[in-house]
Amino acid sequence: MAGGKILANTRLDAAFQIVIQGHPVAQYNLGQMIFNGKGVAQSLSEALPWWSKAAAQGDADALFNMGVCHHNGHGVPQDDREALRFLK
């Protein structure tokens with residue numbers, strides 16, 4: 001059983017290295033995992049920075065999530081102009 005944990009931790013470490021290297025899809029996916037509480041504590045405030053990093057690189061899903069958050073004021077101040085910036 002311990003071998004499975006080591007393999008899982010190795011895969012997690014490798015995946016996180018991709019995230020911190022700046023891959024937008026990996027950053028978006030990490031934000032989704034955090035937002036949905038998949039394997040980590042659920043937190044919108046912790047997901048937002050990862051979506052923001054991915055959105056800054058043009059990831060369409062991250063741009064959409066950031067636009068929706070700004071439109072609805074979820075985790076950020078409600079700001080339709082900022083929402084449109086992400087959604088256009």
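These legends accompany several close-up views of a predicted model.

**View 1. The whole chain is built from helices.**
Before zooming in, it helps to take in the fold. The chain holds five helices and zero strands, so read from the N terminus its elements run α-α-α-α-α. Of its 88 residues, 28% count as buried. Among contacts with a separation of 6 or more, 30% join residues 24 or more positions apart. The views below pick out a few of these places.

**View 2. Asp59 is a buried acid without a salt bridge.**
Asp59 sits in the loop between helix H3 (44-56) and helix H4 (60-72). Where is the nearest side chain of opposite charge? That side chain belongs to Arg85 and is 14 Å away, and Asp59 has no salt bridge although it is buried. Closer to home, a side-chain oxygen of Asp59 comes within 3.2 Å of the backbone nitrogen of Asp61, at the start of H4. Setting aside neighbours within four places in sequence, Asp59 is in contact with Pro24, Val25, Tyr28 and Ala54.

**View 3. Ala54 meets residues from elsewhere in the sequence.**
Ala54 belongs to helix H3. Is Ala54 buried or exposed? Its relative accessible area is 0%, so Ala54 is buried. Ala54 and Gln27 are 27 residues apart in sequence, yet their C-alpha atoms are 5.6 Å apart in space. Not counting residues up to four places away in sequence, Ala54 touches Pro24, Gln27, Tyr28, Asp59 and Ala62. Compare this with the previous view: Pro24 and Tyr28 also appear among the contacts of Asp59.

**View 4. Helix H4 has buried residues covered by other helices.**
Follow H4 from end to end here. At 1.5 Å a residue, the 13 residues of H4 should span 18 Å, and the C-alpha atoms at its ends are indeed 18 Å apart. Which residues of H4 are buried? They are Ala62, Asn65, Met66, Gly67, Cys69 and His70. An α-helix has 3.6 residues a turn, so residues three or four places apart point the same way. The cover over the buried residues of H4 includes helix H2 (24-36), H3 and helix H5 (80-87). Just after H4, Gly73 takes a positive phi of about 70 degrees.

**View 5. The largest nonpolar core draws on H2, H3 and H4.**
This core has 17 residues, and those touching the most other members are Leu48, Trp51, Ala62, Met66 and Cys69. The elements that give two or more residues to the core are H2, H3 and H4. Which element provides the largest share? H3 does, with seven residues. In soluble globular proteins, nonpolar side chains tend to be buried together. Look next at Cys69: beyond its neighbours within four places in sequence, Cys69 is in contact with Leu44, Leu48, Trp51, His74 and Val76.

**View 6. His70 is a buried residue of H4 with many named partners.**
His70 has its place in helix H4. Why does His70 count as buried? Its relative accessibility is 10%, and the cut-off for buried is under 20%. Not counting residues up to four places away in sequence, His70 touches Val76, Pro77, Gln78, Asp79, Glu82, Ala83 and Phe86. One of these partners, Glu82, returns in the last view, where it lies in helix H5.

**View 7. Gly75 is exposed but still touches H3.**
Gly75 lies in the loop between H4 and H5. With 58% relative accessibility, Gly75 counts as exposed. Gly75 and Leu44 are 31 residues apart in sequence, while their C-alpha atoms are 6.5 Å apart in space. Apart from neighbours within four places in sequence, Gly75 is in contact with Leu44 and Leu48.

**View 8. Arg85 and Glu82 form a salt bridge.**
How many salt bridges does the count come to? It comes to one. The side chains of Arg85 and Glu82 meet in a salt bridge at 2.7 Å, N to O. Both residues lie in helix H5, three residues apart, or about one turn of the helix. Arg85 is partly exposed, with a relative accessible area of 48%. Glu82 is also partly exposed, with a relative accessible area of 22%.

Methods. Residues numbered from 1 in each chain as written. Predicted model: local features only at pLDDT ≥ 70, side-chain atom pairs only at ≥ 80, totals over all residues. Heavy atoms only, no water. Helix = DSSP H or I, 4+ residues; strand = E, 2+ residues; numbered from the N terminus. Buried < 20%, exposed > 50% of the residue type's maximum accessible area, 1.4 Å probe, protein only. Lys, Arg positive; Asp, Glu negative; His and termini not counted. Salt bridge = Lys/Arg side-chain N within 4 Å of Asp/Glu carboxyl O. Contact = heavy atoms within 4.5 Å. Expected span 1.5 Å × (residues − 1). Polar contact = N/O pair within 3.5 Å; in protein donor to acceptor, adjacent residues only side chain to side chain. Core = buried A, V, L, I, M, F, W, Y, C linked by side-chain atoms within 4.5 Å.
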